[in-house]
Amino acid sequence: MWYSLPSFSTMILLGVLLTASYTLAVAITAGMDETRCNLGAARLGAYATVSLIGVAVCLLAYAFITHDFRIRYVARYSDRSMGLAFLLSSLWGGQDGSILWWLFLLSLHIAVCTKWLKNRYLALQPYVLAVLMAVTIFFCILMVFSANPFATSTAGNRIDGEGLNPLLQNLYMIIHPPSLYMGFVGCTIPFAFAIAALITGRLDREWIVAVRPWMLFSWTFLALGNTLGMLWAYEELGWGGYWAWDPVENAALMPLLTASAYLHSAMIQERRGMFKLWNILLVCFTFFLTIFGTFLTRSGAVSSIHSFAQSSIGSYFIAFLALILFATGFLILYRWPELRGFPPVPSMRRAALGAACFFLLFLCPSFYLTWVSPLPFPLKVSTITLIAGAGTYTAVELIFRRLSRQADSLPSPPLRPSIESLASREFAFMLNNWKLVGLMGFILTATTFPIVSETIWKEKITIGPLYYNAWVQPIGLFIFALMGIGSLFGWKHTSSSSLKKSIVPSFTALAAAFCVHWIIGSRIGFPPLVWGDAPYEGWIGKALQTFSAWAPVLTFSLCAFNTVIIIQEFYSLFYAKQKTKSLQKVPPFLWYAGFFPGFFYTLVTLPSTARRRYGGYIVHLGIVAMFFGFMGSSWNIVREVSLSPGETYPFGRYELEYKGPHIEVDETKRMVFADISVKKKGVPQGILQPAKFIFHKMPDSPTTEVAMLHSLHDDLYIVVGMISPQTKQANFQFHLNPLVSWIWIGCFILMVGSTLCMWPDAQWAESRRAAFARGGFILTTSLWIGTLLFSTLMIYQKEKLTSPLNSTQVGTIHEKNLLN
């Protein structure tokens, strides 16, 4: 059997396709039968599908570990010199294996979801399983017919493989793709519940409650995956930054934005019964964006360092995306009356579907014909605007209203909940949703513009980082301001007295931070205004240039504004608990052990609604820290210098002396290091060693190894270019990146807050096991945070006090560990 491992593994994939199809059919039958007699069979079918997917992944891992180079994918992405860690990470290092890994992570979600459902949500459960099986079938078809990871090489068995791309032989690439995939795949469960709610018409609070933990889990891993990707780009690519608005980076960010919008608007539906249509659209579109991002990465439609080679699977993804749009669009239009609070009569459904068909059959061709016409560009835009206005009027007034006349004779439905005041949390959340979705729409348009321009004008027009930064900056700061403003208001409406009480401290902090930065910012190296180039000519370019110049002081002021609001919320919590003597229930030794154990014990023992609320505030605090780190990019300093051994270069508060190069060799590569002695304000900091690694199997693709000296104030970031073998003269790029470490600290705080939001309900009185688990969580969390803070301080002190006499490598020297 092992001699025919590729054939056996392919049969396993066919088995997955067969069992998933069986489960899909049985689940649909169970949904149509009110007795749900086939639901048990559907659940067993889901478990069988999951088991076979697990077998397939184990077989591919076995092929990598045993170096079965008959399999083309194994031969292309591994070799005999690679260690176990990188062999296993090769599972998702290429296109075919990453699709199987995606399916494997989806199977884990399916298994946990099926186990979790049990006897819950019996009306929704059959259709949830059916949707999950439909997604599984798509990825199976993809592998069986286009991207089989077990396909054999036509050249036969090879002595050795080509090896994994050196850029992927990195710690962050071991954990970054699985983290991001977990976020992408996790969005399938909320999508399945949304489709089940649309099919059954159960669109009230039920499905929102069911989706909450799954969307929180997915959002957490989307945020973690994006941050780890930033870390990988920052430490491995060697260009000095962490985000370049690469199309694949954008594809990973867009679902995070729509998921964030959903998590806020879902609270409104739970409390007020509002935003039903918003929530359905956000969940479905988030899933759509995860598949769309996968399409961008794997189809070769866009050029990116993160994308795989161009292949034939793009057509499969386009068909699946079209199916998602059609199915969700039809179901949303069919359930339009329930989603909008109209009488659920057939005329209303026909009216919604008729208006949509008019848009598709008339407006879309009209837009296209106008766009490709020889009219001048301004006239094209004006014509399209007129067509859109006329089409909207026709669809709403002449089609929807005429087709829905029958509903006018029915009794009026009860009044729908609505936004009662502009000074309310609902209105702030609505603005937040619009801005998050607007930002996502901007990024989506800019990302796909090269594809659109090539299709229409036969010319690929790429949008660069300058354009993104110019527009994203004002939108992002507006969202950042709304994050704090929304917390100032109460539900429904806010009285003037309570609003004044909450506004005064936060706006005082805003004004004080603005004044402090304006007065002393330039003295400490962080000027409040930083003028750059206009993104383009005209008054809009000037306006964006002016806003960009003011962005540092505005960001710092908003950081203070949001921080004070968060402190206010926690002060109110602990003041109320102190007043009711609830804090006395906290074991005293937790307070004696430090602030964090008692603090987290108090938060974990809150009721679930309050725990999610204050966990959300911790997430907001993490976002504040990340914005504080983003602000540092306004003061980045970059210098390109050529130095000979013994020469010194002053750079900011550092003095850099080039000592000379040296070479090291191991079994897989040749490493050329450039030794640089670093002094900070005259105090020796040690030796940094940027390098070039030349791998024996890929001599034409050397990798850049960055050397960095980290601190909370800034990162000294050094990249070495060419080194002359004769004169030893070397070309360097010196980067001084202020406040970057705050981005990673902010991500850590964000993870803590989201974990608190997801923490399950448990009471001390339930059982000793629950009490032990809760205590273990408190202890683990406290030790985790304490260790992080202690290690940070120790590393900082070590970097500050050590010198070249007792340490030859201070800071972070990034060298590949190939685990030979």
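A salt bridge is a side-chain nitrogen of Lys or Arg within 4 Å of a carboxyl oxygen of Asp or Glu. The exercises below apply this and other terms to a predicted model.

**Exercise 1.** Decide whether the side chains of Asp 68 and Arg 70 form a salt bridge, and whether Asp 68 is buried or exposed.

Solution.
Step 1. The N to O distance between the side chains of Asp 68 and Arg 70 is 2.7 Å.
Step 2. The cut-off is 4 Å, and the pair does meet in a salt bridge.
Step 3. Asp 68 has a relative accessibility of 9%. Buried means under 20%, so Asp 68 counts as buried.
Step 4. This pair belongs to a structure that holds 11 salt bridges.

**Exercise 2.** Find which parts of the chain are tied together by the salt bridge of Asp 204 and Lys 276.

Solution.
Step 1. The closest N and O atoms of Asp 204 and Lys 276 are 2.8 Å apart, and the two residues form a salt bridge.
Step 2. Asp 204 lies in the loop between α8 (188–200) and α9 (205–237), while Lys 276 lies in helix α11 (residues 276–299).
Step 3. These parts are 72 residues apart in sequence, so the pair ties them together.
Step 4. Asp 204 counts as partly exposed, at 48% relative accessibility.

**Exercise 3.** Work out which residues are joined into one network with Arg 205.

Solution.
Step 1. Glu 270 and Arg 205 meet through their side chains in a salt bridge, 3.4 Å from N to O.
Step 2. Glu 270 is in helix α10 (residues 247–272) and Arg 205 in helix α9; with their positions 65 residues apart, the pair links distant parts of the chain.
Step 3. Arg 205 has a relative accessible area of 45% and is partly exposed.
Step 4. Salt bridges with shared partners join Arg 205, Arg 212 and Glu 270 into one network.

**Exercise 4.** Trace how strands β2, β3 and β4 are paired.

Solution.
Step 1. Strand β2 (residues 648–651) and strand β3 (residues 654–665) run antiparallel and are joined by 4 bridges. One partner pair is Phe 651 with Tyr 654 in β3.
Step 2. β2 and β3 form a hairpin with 2 residues between them. In its turn, Gly 652 has a positive phi of about 60 degrees.
Step 3. β3 also pairs with strand β4 (residues 669–680), in the antiparallel sense and over 11 bridges. Here His 662 stands opposite Phe 673 in β4.
Step 4. A hairpin through 3 residues joins β3 to β4.

**Exercise 5.** Describe the surroundings of Ser 98 in helix α5.

Solution.
Step 1. Helix α5 spans residues 95–117 and contains Ser 98.
Step 2. The relative accessible area of Ser 98 is 0%, so this residue is buried.
Step 3. Its side chain reaches the backbone oxygen of Gln 95 at 2.7 Å.
Step 4. Ser 98 and Arg 298 are 200 residues apart along the chain, yet their C-alpha atoms are separated by 9.7 Å.

**Exercise 6.** State which residues make the nonpolar surface patch that includes Val 516.

Solution.
Step 1. Val 516, Trp 518, Ile 519, Ile 520 and Ile 524 make a patch of about 460 Å².
Step 2. Val 516 is found in helix α18 (residues 496–520).
Step 3. With a relative accessible area of 41%, Val 516 is partly exposed. A patch residue needs over 30%.

Technical notes:
Residues are numbered from 1 along each chain as its sequence is written. This is a predicted model: local features need pLDDT of at least 70, side-chain atom pairs count only at pLDDT 80 or more; totals for chains, interfaces and linings use all residues. Side-chain values use heavy atoms; hydrogens and water are left out. Patches are made of residues with over 30% relative accessible area and no salt bridge: like charges are joined within 9 Å, nonpolar side chains (Val, Leu, Ile, Met, Phe, Trp, Tyr) within 5 Å. Accessible areas come from the Shrake-Rupley method with a 1.4 Å probe; for residues, only the protein chains shown count as cover. Buried means under 20% relative accessible area, exposed over 50%, partly exposed in between (1.4 Å probe, protein chains only). Two strands pair if DSSP finds at least two bridges between them. A polar contact is a pair of N or O atoms within 3.5 Å; within protein, one must be able to donate a hydrogen and the other to accept it, and residues adjacent in sequence count only if both atoms are side-chain atoms.
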